Each structure stands twice: as structure tokens, then as C-alpha cells.
Amino acid sequence: AKPVECIINKGEILYIPPDWWHHFKNLEDTISLAINTMNEWSYELIRQGFLERNPIKGHLFPLIVKFPFLGKALLAVGLL
């Protein structure tokens with residue numbers, strides 16, 4: 001892979017596609033915000049990622065999306 005370097009200025013946003021390796025270095029004191037979102041376009045990509053990494057979690061994923069309390073319960077007992 002060939003690295004890409006850039007400097008993000010005040011008010012700018014950098015989009016990093018899913019599953020891209022990345023590293024940030026703050027050049028000065030700053031506040032940053034990272035958001036992972038799922039919508040109708042990214043749902044299938046996220047589900048496939050879960051299936052590839054862990055088939056059990058991948059098959060549970062649609063249920064967890066439909067019933068968020070199930071995901072919280074599985075996290076609480078250490079199954080996720």
C-alpha cells in the first residue's frame with residue numbers, strides 16, 4: 001500500500017472508507033470526532049464484515065440491528 005499524507009485545516013472533514021487502515025497525528029492541541037454510521041447503503045457491507053470475521057456474530061447481526069436490547073444483553077454477558 002502507498003500511504004497518503006494530508007493536513008486537515010479548521011472546518012474540514014476527512015472521510016475514511018470502511019476497513020481502511022489509518023493513523024492520525026495531531027500537530028497541535030485539538031478536538032477530534034470520529035463517527036461510525038450504518039445506513040441502508042452500508043448495512044450489507046457491515047454485515048459481510050461481521051460474517052467474515054466471526055460467522056456467529058455475523059448471523060446475529062440482523063437480529064441485533066432489529067432488537068438493540070439483544071446486543072446490549074449479549075455484551076453484558078460477554079458473548080459479543
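**Exercise 1.** In this predicted model, work out where Phe24 sits relative to helix H1 (43-53), then find which residues make the nonpolar surface patch of about 280 Å².

*Solution.* Start with the chain: Phe24 falls in the segment before helix H1, which covers 43-53. Now go to the surface. Phe24 teams up there with Ile8 and Leu14, and the three make a nonpolar patch of about 280 Å².

**Exercise 2.** Describe how H1 and helix H2 (residues 55-66) cross, and say which residues meet.

*Solution.* Take the axes to begin with: those of H1 and H2 come within 5 Å, and the crossing angle is roughly 145 degrees. Next, the handedness: H1 passes H2 in a right-handed crossing. Then list the contacts. H1 brings Tyr43, Ile46, Arg47, Phe50, Leu51 and Arg53, while H2 brings Pro55, Lys57, Gly58, His59, Phe61, Pro62 and Val65. Sort that H1–H2 contact by class and you get 8 nonpolar, 2 polar and 3 charged residues.

**Exercise 3.** Find how many salt bridges the structure holds, and place the partner of Arg47.

*Solution.* The count is quick: there is 1 salt bridge. Arg47 pairs with Glu44, and their closest N and O atoms are 2.8 Å apart, which is inside the 4 Å cut-off for a salt bridge. Finally, check the spacing: Arg47 and Glu44 both belong to helix H1, 3 residues apart, or about one turn of the helix. Arg47 also turned up among the H1 residues that meet H2.

Conventions:
Residues numbered from 1 in each chain as written. Predicted model: local features only at pLDDT ≥ 70, side-chain atom pairs only at ≥ 80, totals over all residues. Heavy atoms only, no water. Patch = residues over 30% accessible without salt bridge, like charges linked within 9 Å, V, L, I, M, F, W, Y side chains within 5 Å. Areas by Shrake-Rupley, 256 points an atom, 1.4 Å probe, with all protein chains shown as cover. Salt bridge = Lys/Arg side-chain N within 4 Å of Asp/Glu carboxyl O. Helix = DSSP H or I, 4+ residues; strand = E, 2+ residues; numbered from the N terminus. Axes fitted to C-alpha atoms, helices over the stretch in contact; angles between N-to-C directions. Left-handed = near helix turned anticlockwise from the far one by under 90°. Contact = heavy atoms within 4.5 Å. Nonpolar A, V, L, I, M, F, W, Y, C, P; charged D, E, K, R; others polar.
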